Amino acid sequence: MTFGKGRDGSNEQSPEEYMNHIRFSGQQWLSEYPNKIQNSFYQIYENQMKALKSEYLSKYKKYQSLNKYDYDDHQNFIDNEEYIQDQIFALSEMNIIYIFKEFEINLKLLFKDVYGNDDKTLYNWDKLKDYLKSKKISISKIDGYEEVRQLRELNNHLKHNNKVISEKIKNIKEFKGENILTEEMINKFFKRIKYSPSILI
């Protein structure tokens, strides 16, 4: 890019004006960035959850309407109930795993656009903190950090453990004093933290 007078005699940007333009564009992009972040899985989650709960209610009403139960009726209802409850729990798991993965994707995009850094090791929480520290950013002081840290812990737990509440997540508000994870607990946690990833970004 050249500065000063153009060939047609028009004024072009000075180096200082050009840098101010770049800074302004960057600030504008950063201010709009959080508004572009959406959990696109959540609508799928909501629709599927509604359908599963409706299916459960329908089977429950049908079971209740029987004049008498035999062993097969009872066993069929129990099997259907367990199957639907497992699907409901799996959806809750996927919602947490998706929102955290989406956070990681957006963070990577942010680093690439702002710093030109495409380092995949920044998915490691300690390396992420060290990298931001090198930019004079203390991530733990940013709004949304604590909730995203908890989201990360729950995400890791769901990917590598069963429904038993581990030491790593037992101090999260929704799981305190509990032994077994339920869809209701996970959903309550999600509702509390669902805006935190975009706030932190």
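Is K53 buried, partly exposed or exposed? In this predicted model, K53 comes out as partly exposed, with a relative accessible area of 41%. That value sits between the 20% and 50% cut-offs, so neither of the other two labels applies.

K53 also has a charged partner. Its side chain meets that of E183 in a salt bridge, at 3.8 Å from N to O. The two residues come from distant parts of the chain: K53 belongs to helix α2 (residues 42-65), E183 to helix α6 (residues 183-193), and 130 residues separate them. The partner is a buried one, because E183 has just 7% relative accessibility, which is under the 20% limit.

Helix α6 turns up again in another pair. R192 and E174 join their side chains in a salt bridge, with 2.6 Å between N and O. R192 is in helix α6 while E174 is in the loop between α5 (145-160) and α6, so this contact ties together parts that lie 18 residues apart in sequence. As for accessibility, R192 is partly exposed at 30% relative accessible area, whereas E174 is buried at 10%.

Then there is the pair made by R152 and E153, whose closest N and O atoms are 3.7 Å apart in a salt bridge. Here the acidic residue E153 counts as buried, at 13% relative accessibility.

Side chains of opposite charge can pair when their charged atoms come close. Across the whole structure, the search turns up 7 salt bridges, among them E183 with K53, R192 with E174 and E153 with R152.

Technical notes
Residues numbered from 1 in each chain as written. Predicted model: local features only at pLDDT ≥ 70, side-chain atom pairs only at ≥ 80, totals over all residues. Heavy atoms only, no water. Salt bridge = Lys/Arg side-chain N within 4 Å of Asp/Glu carboxyl O. Helix = DSSP H or I, 4+ residues; strand = E, 2+ residues; numbered from the N terminus. Buried < 20%, exposed > 50% of the residue type's maximum accessible area, 1.4 Å probe, protein only.
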